[in-house]
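Please walk through this protein model and its bound ligand. The tour begins at one side chain and moves outward from there.

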Amino acid sequence: MIARLFCYMTAMAMMMLALPARAEDGYDLWLRYAPADQARAADISAHARAIASRTNSPTLRAASQELQRAIMRMTGTAPALAETPTAGALWLATPDTAPALPVSLKALGTEGYAIRSIDQGGQPVTLIAANSDIGVLHGVFHWLRLAQTGAALDRLDIRSAPRIGLRLLNHWDNLNGTVERGYAGMSIWDWWRLPDYKGPRYTDYARANASIGINGTVLNNVNAKADSLTAPYIAKAAALADIFRPYGIRVYLSVKWTAPMELDGLETADPLDPQVAAWWKAKADDIYRAIPDFGGFLVKANSEGQPGPQDYDRTHADGANMLAAAVKPHGGIVMWRAFVYAHDNPDDRAKQAFADFKPLDGQFADNVLVQVKNGAIDFQPREPFHPLFGAMPKTPLMMEFQITKEYLGQSTHLTYLGPLFEETLDADTYAKGKGSTVAKVVDGSLDGHRLTGIAGVANIGVDRDWSGSIFNQADWYAFGRLAWDPDLTAESIAREWAAMTFSPDPRLVQPVVVMMMGSREAAVDYMTPLGLAHVMGTGHHYGPAPWVSDLARPEWNPVYYHKADARGIGFDRTRSGSNAIAQYAPALARRLADPATTPESELLWFHHLPWDYRLKSGETLWNGLVHRYDRGVAYVADMQRTWNSLRPLVDPERFAQTQAFLAIQHREAQWWRDASIAYFQSINHLPLPAGAAPPAHDLDWYKAQSFPYAPGHN
Ligand code: GCV
């Protein structure tokens, strides 16, 4: 009996060693600092026996606390705290605390850092040095990334500085706690109880963002309420700013154009009216009194019903410059969105932002950035890059990506966005010849801009796992890493994310990275293959609805985008159609003019082609479409198989969540495929290619599906 009990206890102990000690709900994100195996723990300890730091500024205190927490969790041993570097110490230093640093800090700016293994008076030391405390904090997170991913910790000689100046999250969070296009629960901003109650989550939010280099956050929805500019709400924003400041994160606010009228009864919001300008100046002064390092304003104007300067026959530049003048004395900036299209403009929606903004190039004040979505329509699974990139050389253009997956499966689909971000940043605008990539426009190097920025619409909510699923965390992570360095690859980012989020065990990292890397293409395949776009359900954008044709504005209807008829499918954006291709640089436009030289992945975005058009594979367009739908569904089934094989290597909570979500994704991918095929077949009456299964239901069944309570829709 005793022997059996002993065996049982030994087996339990072995199991507990093999599994993570705590329940995993995803709250810790990629900052889990899971216990390392014995050899690795010894290695980490040897390089982190002590933390040496001379100052106790809030930022260096945060850096030191992060190291203590991490090293303790990974190794079980707390590092000593010292003022001067001793053997095996991590030495956190700036020129203020250590004037004769044995490393050059040139070109690292205020946020970059150097990490170097040095010999300090005969002692091995790891120096993490920067021009500022914030730079040191970023360096600390880099070192922790190395420690967590199993990288070598000796002979380090790393220098890193961000390529893009403003690296921001945009929260589409409403003052009532809902989140537009949010799929991770309510807003993490508890506006009601701020500024008195400041829960611990705000600090964890700042830690997570600082760990990937994000340095700003726009707290409220671009569909803004004027109330966010009232004194009580400024005080609430100030409370958050105080928490974020040590982490190098500034707060920004979205503003409603008519705020002067709504809040103080002005008769107009005309940007050239002196009273309006004075109102904004006074408002900016109020904000800066409460938040001395306030970042500035984000504006959605004359777009989707939002008011703006065009209501007063003024231009976007008139509006942006008036606001820019208000924040300029305080060092603030204005981010003016180029996401505009008008209900009374019959031209191709994809052309309208360019038509409005290109003529304004050179007219914006020097503290204005024009914020441009990655594509000309709206965050589709795939869009060609926005033609404004490369077309406004005199204006800093800020990239806007969507991290929340409004059109890519929302919370449950595993569709890693790293490849989407990478594809856009790497796209060649040809604005100044070959190699004029979107990344070079955004980082300012193509046109010599010093003011540069990139924004990601956040996928964060109060769900314990922050992002609605464990794998959605990777999109937040990838955004930050690419914002810091747009030359990183989506694959290397997936690799480090998987190692930190699950485990550095290659038996896990390798298959997880493979799953992630193909997952966005799979979503394109089962939703919008070959350049199709915007065929999602009305309003909530959940699920397929390519048949919708009865909405008030033409460009709200999926039929507007695919233009399928008995003869063919696709949007003709060549000279015989809307001629949107003329908005691209001539070298690129020439290629896009011909279907044969247009990338097949964008074929139907630019061309209306007959159903029997021959693809490069030799199959007809119709057969190729059907095969892509099938390929997308099959990829999800493959991910399910891979994930199931990883059960022994993943904790039960996160394994079960991902397994359940993959099952949802598979069901919905099949639904997308079947509904799309049923609809397009009702138009072209063509047989399915050999071997392709007919849709599970008839078209009416798919049309009858209704989702009045789908999340995220305001
Ligand atoms: C914040 C799309 C989304 C809207 C969003 C808008 C925008 O239209 O569906 O929810 O509004 O883009 O980016 O302003």
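The side chain of Gln410 comes within 3.1 Å of the backbone oxygen of Glu406. Keep in mind that this is a predicted model. A second backbone oxygen, that of His540, is reached by the Gln410 side chain at 3.0 Å. Gln410 belongs to the loop between strand E13 (397-402) and helix H11 (418-426). Is Gln410 buried or exposed? Its relative accessible area is 6%, so Gln410 is buried; the cut-off for buried is under 20%. Leaving aside residues up to four places away in sequence, Gln410 touches Tyr183, Lys405, Asn472, His540, His541, Tyr542 and Pro711. His540 thus appears twice, as a contact of Gln410 and as the owner of a backbone oxygen that the Gln410 side chain reaches.

Glu406 leads on to the ligand. Which residues are closest to the ligand? They are Glu180, Lys300, Arg337, Lys373 and Glu406, out of 14 residues that surround it. Some polar distances can be given. An N or O atom in the side chain of Glu180 is 2.5 Å from an oxygen atom of the ligand. For Lys300, a polar side-chain atom lies 2.6 Å from a ligand oxygen. The side chain of Glu304 has an N or O atom 2.8 Å from an oxygen atom of the ligand. How much of the ligand's accessible area does the protein cover? On its own the ligand has 330 Å² of accessible area, and the protein covers 96% of it.

Next comes helix H10, residues 349-357. Of its 9 residues, 7 are buried, so H10 is largely enclosed by the rest of the structure. The buried residues are Arg349, Ala350, Lys351, Gln352, Ala353, Phe354 and Phe357. Charged side-chain types are on that list, with Arg349 and Lys351 among them. What covers these buried residues? The cover includes helix H9 (316-327), strand E11 (333-337), strand E12 (368-373) and H16. Look also at the start of H10. There, a side-chain oxygen of Asp348 reaches to within 2.9 Å of the backbone nitrogen of Ala350.

Now turn to the aromatic rings. The structure holds 38 aromatic pairs. Take Trp189 and Phe244: their ring centres are 5.9 Å apart and their planes stand at 55 degrees, so this pair is tilted. The pair links distant parts of the chain, 55 residues apart. Trp189 sits in the loop between strand E7 (166-170) and helix H5 (201-211), while Phe244 is in helix H6 (residues 231-244). Both partners are hidden. Trp189 is buried at 2% relative accessible area, and Phe244 is buried at 0%. Compare Phe339 and Tyr341. Their ring centres are 5.7 Å apart with planes at 75 degrees, so that pair is edge-to-face. Phe339 is buried at 8%, and Tyr341 is buried at 7%. Rings also gather in a group: ring pairs link Tyr27, Trp30, Trp466, Trp476 and Tyr477 into a cluster.

Charges meet rings as well. Lys236 lies over the face of Tyr233, 5.1 Å from the ring centre. Lys563 places its charged end over the ring of Phe571, at 4.4 Å from the centre.

The backbone deserves a last look. Which peptide bond is cis, with omega near 0 degrees? The bond from Leu194 to Pro195 is. Pro195 is found in the loop between E7 and H5, where Trp189 also lies.

Two histidines call for a check of phi. His534 is not a glycine, yet its phi is positive, at about 55 degrees. Its place is the loop between helix H15 (506-527) and helix H16 (558-562). His685 also has a positive phi, near 55 degrees, and is likewise a residue other than glycine. His685 is in the loop between helix H20 (652-684) and helix H21 (699-704). Their surroundings can be set side by side. His534 is buried, with a relative accessible area of 6%, whereas His685 is exposed at 64%.

Key. Residues numbered from 1 in each chain as written. Predicted model: local features only at pLDDT ≥ 70, side-chain atom pairs only at ≥ 80, totals over all residues. Heavy atoms only, no water. Phe/Tyr/Trp six-rings, centres within 6.5 Å; stacked < 30°, edge-to-face > 60°. Helix = DSSP H or I, 4+ residues; strand = E, 2+ residues; numbered from the N terminus. Buried < 20%, exposed > 50% of the residue type's maximum accessible area, 1.4 Å probe, protein only. Lys NZ or Arg CZ within 6 Å of the ring centre and 35° of its normal. Polar contact = N/O pair within 3.5 Å; in protein donor to acceptor, adjacent residues only side chain to side chain. Contact = heavy atoms within 4.5 Å. Near = heavy atom within 4 Å. Areas by Shrake-Rupley, 256 points an atom, 1.4 Å probe, with all protein chains shown as cover.
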